[in-house]
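Reader: I should like to understand the reasoning behind the descriptive terms applied to this structure. Please set each value against its criterion.

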Amino acid sequence: MTTARIRTIRGDIPADDFGFCHSHEHAFLAGGHPATLSPVLRIDDYDATVAELREFRAAGGRAMVDCQPLGCGRMERELFLASTETEVHLVASTGFHKLAMYPEGHWIRTTSEERLKDIFVHELTEGMYTGTDTREPEAAIDTNDGIAKLAVDAKAGIIKTAVDADRMADPDKRWFAAAAAASLATGAPIVCHTETHEEAIWLADYYMTKGVEPRKIILCHLDRTTERPETHRELARLGCYLEYDTIGRFKYHSDEEEAELLLRMLDWGLADRILLSLDTTRARLKHYGGDIGWTYLLDRFLPMLRDRYGVADADIHRWMVANPAEAFAFI
Ligand SMILES: [Zn+2]
């Protein structure tokens, strides 16, 4: 038993009640600029997502972390309604994505570090803003005048961040600084989109230098390549969480290669630093016409780990239940 609590979109719950969790998904993603970059990102059919969530729950799923932050297609109202309807715990994101996710002239490109921090803290402690793809949320912080109304009192539960070359080149590193400050002010975990091992090392180091504890840092997608697992070992030994989701994504590698990576981390005694998910786009969600759906871990991948690789139920429980309960807790 812990006293830790997780900030879901329907309110805080004891971490022990979170249950089987996909640690990085996109339950909804509105049409707009992100979908113009890649049409498969668009996940905006309420009934299709609810159907997908129902199947997930029927298979044993209980919780999911939605990793689309404000300003780039987050659908906070639908997240709230779908969570209420399906009783799947959903955690929403404040924070920011890669710079490419925001069109020229988007407010987040020019907002100061201090204001970004205030926005993130507000979303984590008061409630999320709506309409932020096209409007600045600041007007509502002081005046609450209806320009950007709060979304049904629903709060964000994590700070999503994304490292890319443009952002790293920014001399102030203001987006990352704002995320670190908001985490330190609230206790919220920071979820980090990374594309290379070098970026992950840089970002973990940056946040730790700012005083963020490693257990509050969740590094995503490092398993896109299964080469150089020693880097995973180093980051996990620091105390960061590694979120793996290149599962059922055969353009990167086979599920067998993913299993070998997980076995390696088990051998190194690092099972308590691993989180799993699918990070699906609409191309992989069954109710959007895709091929695997949110039951793939429960129905296919985890049974394969058990049956073919002899992974213990206790380790699977760690990755799917115990580690998410710790990683996503506000403490
Ligand atoms: Zn993602």
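Author: The following exchange takes up confidence, overall form and three helix contacts.

Reader: What is the average pLDDT of the protein chain, and how many of the residues score at least 70?

Author: This is a predicted model. The average pLDDT of the protein chain is 93, and 95% of the residues score at least 70. Over residues 140-151, however, the pLDDT is below 50, although this stretch has 28 contacts in the model beyond near neighbours in sequence. Where pLDDT is low, the predicted coordinates should not be read in detail.

Reader: What makes the protein chain as compact as a globular protein of that length?

Author: The globule rule gives 20 Å for 331 residues, and the radius of gyration of the protein chain is 18 Å, which is close to that value; the chain is therefore as compact as a globular protein of that length. The C-alpha trace spans about 60 × 45 × 40 Å along its principal axes. Twelve helices and twelve strands occur in the protein chain.

Reader: Why are H4 and H7 called oblique to each other?

Author: The axes of helix H4 (residues 113-125) and helix H7 (residues 174-186) cross at roughly 40° and come within 8 Å. An angle under 35 degrees would count as roughly parallel, and 65 to 115 as roughly perpendicular. The value lies in neither range, so H4 and H7 are oblique to each other. The crossing of H4 with H7 is right-handed.

Reader: Which residues make the contact of H4 with H7, and how do they divide by class?

Author: On the H4 side the residues include Leu-116, Phe-120, Val-121 and Leu-124, while those of H7 include Trp-175, Ala-178, Ala-181 and Ala-185. By class, the residues of this contact are eleven nonpolar, two polar and three charged.

Reader: What makes H8 roughly parallel to H9?

Author: Helix H8 (residues 197-209) and helix H9 (residues 229-238) have axes that cross at roughly 15° and come within 11 Å. Because angles under 35 degrees count as roughly parallel, H8 is described as roughly parallel to H9. H8 passes H9 in a left-handed crossing. His-197, Ala-200, Ile-201 and Ala-204 of H8 make the contact with Thr-231, Leu-235 and Leu-238 of H9. Five of these residues are nonpolar, two are polar and none is charged.

Reader: How do you know that H2 and H3 are oblique to each other?

Author: The axes of helix H2 (residues 46-58) and helix H3 (residues 76-86) cross at roughly 40° and come within 10 Å. That angle is not under 35 degrees and does not fall in 65 to 115, so H2 and H3 are oblique to each other. H2 passes H3 in a right-handed crossing. Among the residues that meet are Val-50, Leu-53 and Arg-57 in H2 and Glu-78, Ala-82 and Glu-85 in H3. This contact comprises four nonpolar, two polar and four charged residues.

Methods
Residues numbered from 1 in each chain as written. Predicted model: local features only at pLDDT ≥ 70, side-chain atom pairs only at ≥ 80, totals over all residues. pLDDT = per-residue confidence, 0-100. Contact = placed C-beta atoms within 7 Å. Axes fitted to C-alpha atoms, helices over the stretch in contact; angles between N-to-C directions. Helix = DSSP H or I, 4+ residues; strand = E, 2+ residues; numbered from the N terminus. Parallel < 35°, antiparallel > 145°, perpendicular 65-115°, else oblique. Left-handed = near helix turned anticlockwise from the far one by under 90°. Nonpolar A, V, L, I, M, F, W, Y, C, P; charged D, E, K, R; others polar. Rg over C-alpha atoms; globule rule 2.2 N^0.38 Å.
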